Amino acid sequence: MVHGPPARRKSNTSTNNNQEKCDKDLKDNVLDPLQPVPPDGGWGWMVVFGSFMIHIITDGMTYSFGLFYNEFLNYFNEGKGYTAWIVSIMVGVTFASGPISSSFVNRYGCRAVTIAGSILASFCIVISMFAENVLTLIITIGFGTGLGFGLIYLPAIVSVSVWFEARRSLATGIAVCGSGFGTFVFAPLTEHLIGSFGWRGALLIIGGIVLNCIIFGAMFRPLEIPKEAKSKKKALIDNNATPAELEPLKPNLQKAEQCKPATQTDTANGVSTVNSIPGRSNSVDYTFKSGENGVVNGKPELSAVTKSCSNDNIVKASLSQTHLSHRERSGSGTMYRPDILYQGSLHSIPEYARSRTDLSGSANAINRYGSVKHSTLSVNQEQELEKCCGCFSCSKETRDTLAEMMNFSLLKDVVFIIFAISNFCTSIGFNMPYVYIVSQAEVLSLNTEQSSYLIAIIGVANTVGRIILGYISDKPWVNRLWIYNYSLTICGIATALCPLCTSFSTLGFYCAVFGFTIGAYVGLTSVILVDLLGLDKLTNAFGLLLLFQGVASFIGPPIGGWLYDITTSYAPAFLLAGIMIAISGLVMFIIPPLQRHVAKKAERKNAQQIALS
């Protein structure tokens with residue numbers, strides 16, 4: 001993250017003055033800000049609009065798929081559990097492909113990934129109109145469309161985070177409200193299209209609608225690095241800057257060489273170290289490391305320039321090679337920001353506010369590029385890693401993102417394990433009402449128009465729930481964890497009692513309760529993760545959670561369909577969904593006492609250490 005430098009003590013000697021002048025020149029010329037500050041507006045509102053429309057289209061189709069599910073049951077006459085694999089695989093692949101989508105975003109940017117996902121999803125939906133069996137739909141809609149939506153889903157969130165910081169909660173809230181609004185619009189639209197053109201014609205038209213995501217994805221313009229101002233800015237750069245970000249620094253390395261005082265050379269390791277300068281507030285070393293005779297593979301290489309502070313390690317700037325490839329220079333680097341998946345306002349995070357005003361206590365400060373770690377490897381190591389990725393080569397940005405999101409060491413954290421179990425249980429029951437509410441309405445002799453209205457009610461209630469719960473959760477005096485827990489518990493109880501609803505009005509009331517309370521699950525996940533684990537672990541935790549959610553979404557709807565095949569009733573499916581959602585809320589109540597126990601244990605351990613010392 002780019003910060004203003006701390007105040008420095010003035011030296012009385014001319015030597016120190018000259019050295020400080022060199023240090024100032026080094027910071028001004030070599031350590032210029034490379035990451036633009038989110039403007040919290042401007043073109044960002046167009047990005048919000050594009051994300052809003054994408055949520056309308058993708059989530060609208062996904063959550064209204066229960067209408068297609070009913071048509072597939074009647075047309076192919078297959079088992080309900082087997083047919084449910086279509087939607088369950090589509091949702092599961094959408095979630096599980098999150099880490100892959102993130103790596104592509106980090107490499108190519110939100111715009112390119114969204115456009116590619118739109119083309120893939122639209123193509124797979126259109127060719128599904130020619131399907132002659134359920135297996136074909138499982139492949140085209142389940143895997144193909146699911147992967148396409150996965151490539152669209154994550155950039156639609158990330159693109160908003162790139163443009164907003166202080167107003168991020170508002171901007172993200174507006175964008176994700178497209179999900180509920182899309183459900184409200186697509187449910188009656190899908191019912192009308194199926195009634196007028198059949199399910200094949202409806203798929204063709206919806207495939208064309210999904211293709212419009214190309215236009216909205218094109219709105220995801222990346223923030224450009226501002227041109228260097230005439231008055232040079234003082235700045236500090238985190239230790240995790242990418243090679244692509246540090247590319248403009250290399251022309252200034254010659255000036256850094258000129259600022260080196262007396263040098264000590266370690267001939268064995270080929271390391272030249274500048275002695276720290278006395279009389280400065282921080283002991284700062286500049287270390288220049290090179291290969292043998294300064295040549296790597298016949299090319300001169302300056303592999304690292306490191307500026308380290310002995311007391312707080314504020315600044316570490318790394319360069320991989322002097323000659324970076326075009327692919328590395330063009331990397332997006334979006335996912336290197338640890339806050340990129342955070343949907344709340346960053347100003348509400350104490351550590352973030354402290355990192356912007358106080359650099360002295362940076363042990364807990366938030367590094368803007370501190371989540372996805374950057375590898376610093378030589379040319380040979382880079383080439384070797386590319387070969388180890390499999391049959392295809394992968395860029396550094398891709399490797400960094402996958403390594404961070406698939407870092408399973410987080411599974412040692414008990415708090416995260418509890419949260420992951422909760423998310424897994426929620427995801428099992430989350431999609432069942434969307435899939436089976438239409439079939440349940442048909443069992444109660446309700447017409448298809450009324451069935452579509454039930455899904456529309458869920459969409460409206462979900463939009464209202466996200467807005468209200470998100471607004472309340474942003475208040476500093478509100479415990480967001482309690483809102484999350486109670487919402488899921490109430491949602492689970494209501495879903496378990498759904499089989500008792502025997503009319504359109506009672507089913508409509510259930511859909512309103514379900515849509516409102518389930519909004520906490522969708523809208524508060526990232527902020528709860530930050531509250532429990534910290535911002536630096538958000539990317540890692542979010543990546544693992546997407547896998548948990550994907551696996552749960554795979555098995556949820558088919559289990560409900562198999563229960564109907566056994567019992568000839570949808571009551572067991574809703575009962576199972578309700579129990580799982582309620583468990584997901586109840587298990588989260590364990591976290592506060594667990595945190596208190598861990599804190600007391602740490603206090604006792606510290607007290608014992610103090611006593612022994």
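## Helix crossings and a cavity

Let's start with a crossing: helix H17 goes past helix H22 in a right-handed way. Keep in mind that this is a predicted model. Two more helix pairs are covered below, along with the largest cavity, which holds about 490 Å³ of space. A handy idea to carry along: a pair of packed helices is described by how far apart the axes are and by the angle between them.

**H17 and H22**

- The axes of H17 and H22 come within 10 Å, and they cross at roughly 160°.
- An angle over 145° counts as roughly antiparallel, so that is how H17 sits relative to H22.
- On the H17 side, the contact is made by Val415, Phe416, Phe419 and Asn423, while H22 brings in Thr525, Ile528, Leu529, Leu532 and Leu533.
- Sort these contact residues by class and you get 7 nonpolar, 2 polar and no charged ones.

**H2 and H8**

- Helix H2 covers residues 44–63 and helix H8 covers residues 134–163; their axes come within 9 Å and cross at roughly 155°.
- H2 and H8 are therefore roughly antiparallel to each other, and their crossing is left-handed.
- H2 residues in this contact include Gly44, Val47, Val48 and Ser51, and they also include Ile54, His55, Thr58, Met61 and Thr62.
- Across from them, H8 offers Phe149, Ile152, Ala156, Ile157, Ser159, Val160 and Trp163.
- Here the split is 10 nonpolar, 6 polar and no charged residues.

**H19 and H21**

- Helix H19 (residues 448–473) packs with H21 at an angle of about 35°, and the axes are 7 Å apart.
- This crossing is right-handed.
- From H19, the residues that meet H21 include Gln450, Tyr453, Leu454, Ile457 and Arg466.
- H21 answers with residues including Phe504, Leu507, Gly508, Cys511 and Val522.
- The H19–H21 contact divides into 17 nonpolar, 6 polar and 1 charged residue.

**The largest cavity**

- The structure has 7 cavities of 30 Å³ or more, and the largest contains about 490 Å³ of space.
- A total of 29 residues line the largest cavity, and the closest to its centre are Asp59, Tyr63, Phe95, Tyr153 and Val522.
- You've already met one of those: Val522 also belongs to the H21 side of the contact with H19.
- Several helices you now know each supply at least two lining residues, among them H2, H8, H17, H21 and H22.
- Helices H5 (85–96), H9 (168–211) and H23 (538–567) also each supply at least two.
- H2 gives the most to this lining, with 6 residues.
- By class, the lining residues come out as 15 nonpolar, 12 polar and 2 charged.

How values were computed. Residues numbered from 1 in each chain as written. Predicted model: local features only at pLDDT ≥ 70, side-chain atom pairs only at ≥ 80, totals over all residues. Heavy atoms only, no water. Axes fitted to C-alpha atoms, helices over the stretch in contact; angles between N-to-C directions. Helix = DSSP H or I, 4+ residues; strand = E, 2+ residues; numbered from the N terminus. Parallel < 35°, antiparallel > 145°, perpendicular 65-115°, else oblique. Left-handed = near helix turned anticlockwise from the far one by under 90°. Contact = heavy atoms within 4.5 Å. Nonpolar A, V, L, I, M, F, W, Y, C, P; charged D, E, K, R; others polar. 1 Å grid on protein atoms, 1.4 Å probe; cavity = no way out; pocket = protein on both sides within 12 Å on 5 of 7 lines; lining within 4 Å. Points joined across faces, edges and corners; volume = space filled by probe spheres on them.
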